[in-house]
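Student: Could we go through a structure together? I'd like to hear what stands behind each label.

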Amino acid sequence: MGSTSTKIKLRTSDQKVFEVEKAVAVQSQTIKYIYENGCPDSVIHVHSVSGDILSKILDYCKKHVNSAAGKEDISPEELYEWDANFVKVDQNTLFDLILAANCLKIESLLDLTCQTVANMIKGKRPEEIRTTFNIKNDYTIEAEEAVRRENKWAFDMLGGVGTMVIEELADDTMSKCVTNTKSRVCVIAANQIVMMRSISKLANKKSIDVYKQPQNPTTPRIKESVKQRNVGTGFIELFFHFKCKM
Amino acid sequence: MSKLFSFSGTDDFCPGGSIYTNPKESSLFLSLGRHVDVYFPSRKRSRISAPFVFSGERFEKKKSSIEVLPDECLFEILRRLPGGQERSSCACVSRRWLTIVSNIRSNEISDNKTTQALDLNYESTDKKGGDVSEVEDEDVAGGYLSRSLEGKKATDVRLAAIAVGTAGRGGLGKLFIRGSNSSRGVTAVGLRAISRGCPSLRVLSLWNLATVGDGGLCEIAEGCHQLQKLDLCHCPAITNESLLSLAKGCPDLTDLTIEGCANIGNEGIQAIARCCPNLKSVSIKDCPLLGDQGIASLLTSASYSLSKLKLQALNITDVSLAVIGHYGKAVTDLSLASLPNVTEKGFWVMGNGHGLQKLKSFTVKACRGVTDLGLEAIGKGCPNLKQFCLGKCAFLSDNGLVSFAKAAGSLESLELEECHRVTQFGFFGSLINCGAKFKAISLMNCLGIKDLNVGLPPLPPCESLRSLSIRNCPGFGDASLAALGKLCPQLQNVELSGLHGITDVGFLPLLESCEAGLVKVNLSGCPNLGDKVVCKMADLHGRTLEMLNLDGCKISDAGLVAIAENCRLLSDLDVSKCTITDSGIAALACSNLIDLQILSVSGCNLVSDKSLPSLGKLGQTLLGLNLQQCKAISSGAVDLLVEQLWRCDILF
């Protein structure tokens, strides 16, 4: 047996057997470990991976081994594109790939697949993430409220960059946030937007007391005071104190 | 709850109305009954997304859900999220996601640029979102934010949310958790999230948390290496283990406060003292396991850094005091309270140890060992002692007080509380014998003080005394007051509260003797002082008076008129429970001189709605107005004031 073409046999959970070159198979740290510490001629069971998935994984490993070894004439950009196409699969397959990459300990595949999912998450609001991935919301109402309050970046209610939203103003509300100076502040009370203010306009004042007169009697009247403090480059910590009267 | 499950009445599946009493019952979806009208005209699509409509059992395998991934895979995904905004969004998705996101350490966040390049192939729904991420990636997480959780809100979920939410927006610097006896309190899980997400934490304060144990604090020690101030109060599950790991993990610790932690003892304190070279302030209260050994090693290790030391309700003995006296080379503030096993010898040795050269402020309360001898030793041994407060001492006599005043040459401020053996002779004796820098004296609840019944011989005045405070010493009377006036002509701040024994007769001479103008005068609770005093005061000291408190005195409108005419610097006026009426307030308002900032007329039942215009005019400069218990002012009037004086904080 030539050392350049040692083959390893892999059996999957659905009893399919794959025979692959050693160089390809040992991309998986798990297989490498088993191969080096077990009997080299026997079949290695990868019982947590199905045949379809293993087949795809072996394609990936082969492509990467060949490109690294120079057997295939493929530029780095082309390899990126190949990787990108590789992960254009449905969610179920993608998750199976992740599970398998984790179990087989294939670092680069795990990185690729996880980054793919991370990119799918990017830019989405929590509700959209739940819809995309079918996640059940197991928060109680209070807990969800608390978590959102603490993580209020700009759940883009008004289509603007970094809008700090203070929702559902209660009678006496204190709210603190750190936001970048490009943001706006929006106050919503009784489902009406009662105040929109640009942070940059607040930037030069130490504290502002403004009492807003309502245009119509049903709009809540807000007395606000805002204190701001520079915290690092481009960031302001704002401390709002609102007194609301309906 | 999830909007996916919310079915509103208008989105019917079929025109006949929903036949499903509970749409979530999956079995009903498997077969549509014959009585259901399947045809429905085109209308806006149902809000339910397709997979959930067929949520019967036989269809479950087709549903893809990220929930199949184990935590470690989800961790790998979430740690590759590029920015704080994404992590915040993920934290809001579900409890499991919150747990995983909050456990990502900052050095585990991947910034793998090569695979992020794949992002170009995917559309971002929020195109402008990229802008925000870039800005916050550059920011230094310097621990600018502070958060405080109290009572029912002190939960692990909130801590995890804070850890994620503050991370990209300035970083958490101060965290205060005040627990309660709820079952769902803070545990090590929450503190682990804080330690992973808030490496810039500087101040941590944990009160009343029975569920927090060593596990939680060890996590903090592992993650928050910049911790400077630690405050543990009534956390009985914390033992020396925590302090040992904090000593290793947080070498920058400067302030340590421990109260009511029954399981913390000598080893913990020793470890902190050894490993934290910047330890400046230590305050330990009510820890029965802590003994002389701990205090001794604390002082010897931190001899040159420890500047504030406060020991209360501990089982320490004279040995500790001896060590403090010898090794407390950097101590500037020392406070000893409720130490039952300390005797006179301890204080004597402490004073004679000559180590407390830098001691500026010394407070002793409820320690049996404070006697004349001990105190004199302290006075001699601490040449820089400026402030001395003594409380609940039954043994100090007049002679002891006088010899202390003589010995402590740098003394500036003396406070005596419940020292019942001290009499008026000791009081005056200390004023006569004090050093040249003596500025302030205060007596509170000293029942031994009685009125002077003999005249004092002509004495050189005490030119340095600026502040006088005598509270609730029932024996203090007019003769003493008059004598004080003669003795201390440079008084500026006078507080005589709760003294029923003084009247106009005693106070007027004091007003006349004060050559430097009075600045702050507090006469609350002296029911026998009246208008004459106020008029005289306004006349003689109107040019310097800034604060005047006449709560409970017999003041009427005449007094207010006098104030209005003369007191141009007055900013804080309290005439609670006085017999003033609307015309008095009007006089205040009409005055051109006065710019009041704080006014209290609480309990003045003769002030009615007629004062409204006057209060409005005063309100132009007012920052605080107290109208509590003013029975004659209607709530309508109060509302009007609240609206009009929006800059002012009104109590009603």
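Tutor: Here is a run through strands, rings and burial, label by label. The model is predicted, so local features need pLDDT of at least 70 and side-chain atom pairs count only at pLDDT 80 or more, while totals for chains, interfaces and linings use all residues. Residues are numbered from 1 along each chain as its sequence is written, chains are lettered from A and ligands numbered from 1 in the order in which they are written, and side-chain values use heavy atoms, with hydrogens and water left out.

Student: What makes A:Trp82 and A:Phe86 a stacked pair?

Tutor: Rings of Phe, Tyr and Trp (its six-membered ring) pair if their centres lie within 6.5 Å; planes under 30 degrees apart count as stacked, over 60 as edge-to-face and the rest as tilted. A:Trp82 and A:Phe86 have 5.4 Å centre to centre and 15 degrees between the planes, so they are stacked. They sit four residues apart in helix α4 (residues 76-86) of chain A, which means about one helical turn between them. Helices (H or I, at least four residues) and strands (E, at least two) are DSSP runs, numbered from the N terminus.

Student: Why is A:Trp82 called partly exposed?

Tutor: Buried means under 20% relative accessible area, exposed over 50%, partly exposed in between (1.4 Å probe, protein chains only). A:Trp82 has 25%, so partly exposed is the label. A:Phe86, at 7%, counts as buried.

Student: Which residues make up the aromatic cluster with A:Phe86?

Tutor: A:Tyr60, A:Trp82 and A:Phe86 form that cluster. A:Lys56 also lies over the face of A:Phe86, at 5.2 Å from the ring centre. The rule there is NZ of Lys or CZ of Arg within 6 Å of the ring centre and within 35 degrees of the ring normal. In chain B, the charged end of B:Arg178 sits over the ring of B:Trp207, 3.5 Å from its centre.

Student: What makes B:Phe427 and B:Phe476 edge-to-face?

Tutor: They have 6.4 Å centre to centre and 75 degrees between the planes, so both cut-offs are met. B:Phe427 lies in helix α18 (residues 424-433) of chain B and B:Phe476 in the loop between β13 and α19 of chain B, so the pair ties together parts 49 residues apart in sequence. B:Phe427 and B:Phe476 are buried.

Student: How do you know that β12 (residues 440-444) and β13 (residues 467-471) of chain B pair?

Tutor: Two strands pair if DSSP finds at least two bridges between them. Here there are five, in the parallel sense, so they pair. B:Ser442 stands opposite B:Ser469. β13(B) also pairs in the parallel sense with β14 (residues 493-497) of chain B, over five bridges, and there B:Ser469 faces B:Glu495.

Student: What makes the β-α-β unit of β13(B), α19 (residues 478-487) and β14(B) right-handed?

Tutor: With the strands pointing away from the viewer, the path from the first strand over the helix to the second runs clockwise in a right-handed crossover. The unit of β13(B), α19 and β14(B) is right-handed.

Student: Why is helix α4 (residues 84-91) of chain B called mostly covered?

Tutor: Because eight of its eight residues are buried, each being under the burial cut-off. Among them are B:Glu86, B:Arg87 and B:Cys90.
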